[in-house]
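Please look through the structure shown here, with attention to its open spaces and its charged side chains.

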Amino acid sequence: MKVTILQFPGTNCEYDAQYAFEKLGAKTEILWHKSQSVPADTDLLVVAGGFSYGDYLRSGAIAKFSPVMKAVTAYAKSGGKVLGICNGFQVLTEARLLPGALKRNESLHFISKHHHLKVISNDNIFLEKLDNSDVVNIPIAHHDGNYYIDQNGLKELYDNNQVLLKYCDANGDDKNPNGSVDSIAGICNKERNVFGLMPHPERAMESLLGSSDGIKMLQGFLKA
Amino acid sequence: MMKVIVNVFLKAGVLDSQGKAVYHALESLHFDNISDVRVGKQIVLNLDESDETKAMADVTKMCEELLANTVIEDYNIELVK
């Protein structure tokens with residue numbers, strides 16, 4: 001199992017992602033954004049969190065034109081598995097590999113805290129180790145995490161089981177930290193090979209540091 | 001040389017939290033005749049171009065590809081001589 005982790009100028013979660021996947025037994029490689037290709041042995045491509053290009057213009061807007069993104073798009077279109085976390089989710093929506101967009105949080109504040117998430121659909125490789133309605137405790141850290149999609153797009157997400165995770169409280173009841181449509185925290189594409197979420201499972205790998213629920217989430221990708 | 005101004009705003013129907021915050025702040029300053037506030041951004045471009053049609057076409061392409069995210073934003077373009 002080989003995980004390739006993208007690094008743009010301003011990315012800051014690539015080493016957390018590396019730690020997380022190595023803890024799970026995967027081989028990892030950090031790939032600088034100037035690369036024109038994705039390593040051939042890649043089983044999972046992670047677009048890590050951070051502030052690519054300083055979030056200038058819009059979060060993820062400039063990263064989508066980095067040299068590596070052409071190869072990422074080709075990799076995704078040919079069925080390669082891609083996971084975008086936080087800024088990586090923003091990059092994937094900007095690159096139109098995932099539907100919708102991430103707006104400024106409704107409160108206008110940067111939010112950094114642990115938050116509960118409910119599994120809405122485990123009918124995909126990412127969350128198949130979890131059951132629907134399971135609640136996990138995962139850190140969020142974002143300014144632009146307010147997921148937006150129009151009504152038609154939202155219906156399509158539900159019709160195809162593409163809504164993966166929603167924000168909730170410890171009991172699994174709705175609790176929306178940032179104004180996201182229907183409290184959506186994570187989605188996938190129709191083909192179920194491109195995944196995006198604002199919360200950081202790679203920062204929830206050690207119970208000593210608050211939660212190890214990220215293990216159950218990321219483990220899904222480790223299947224041979 | 002041509003100056004082009006691009007204005008980018010969230011689409012009507014997409015909640016503009018910044019606009020709402022500014023609206024409430026103005027209300028608290030007793031400006032009570034406001035019905036709506038939208039906050040956007042303005043991008044000013046200087047183009048080495050004399051053909052207005054070409055400039056308009058180029059800037060439209062810039063907006064579609066980069067300057068606006070048309071999933072949530074609208075834009076308008078003003079040519080300034």
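The paragraphs below turn to salt bridges and then to the largest pocket.

This is a predicted model, in which local features need pLDDT of at least 70 and side-chain atom pairs count only at pLDDT 80 or more, while totals for chains, interfaces and linings use all residues. Residues are numbered from 1 along each chain as its sequence is written, chains are lettered from A and ligands numbered from 1 in the order in which they are written, and side-chain values use heavy atoms, with hydrogens and water left out.

Side chains of opposite charge can pair when their charged atoms come close. Over all chains there are 14 salt bridges, a salt bridge being a side-chain nitrogen of Lys or Arg within 4 Å of a carboxyl oxygen of Asp or Glu. One of them joins Lys2(A) to Glu29(A), at 2.9 Å from N to O. Because Lys2(A) lies in strand β1 and Glu29(A) in strand β2 of chain A, this pair ties together parts that are 27 residues apart in sequence; strands here are DSSP runs of E with at least two residues, and helices are runs of H or I with at least four, numbered from the N terminus. In helix α4 of chain A, Lys155(A) and Asp159(A) lie four residues apart, about one turn of the helix, and their closest N and O atoms are 2.8 Å apart in a salt bridge. A network of salt bridges links Arg58(A), Lys64(A), Glu94(A) and Glu73(B).

Glu73(B) also appears in the lining of the largest pocket, where this residue is among those nearest the centre, together with Arg104(A), Asp144(A), Gln18(B) and Lys41(B). A pocket is an open set of points on a 1 Å grid over the protein atoms alone, where a 1.4 Å probe fits, with protein on both sides within 12 Å along at least five of seven lines, and lining residues have an atom within 4 Å of a point.
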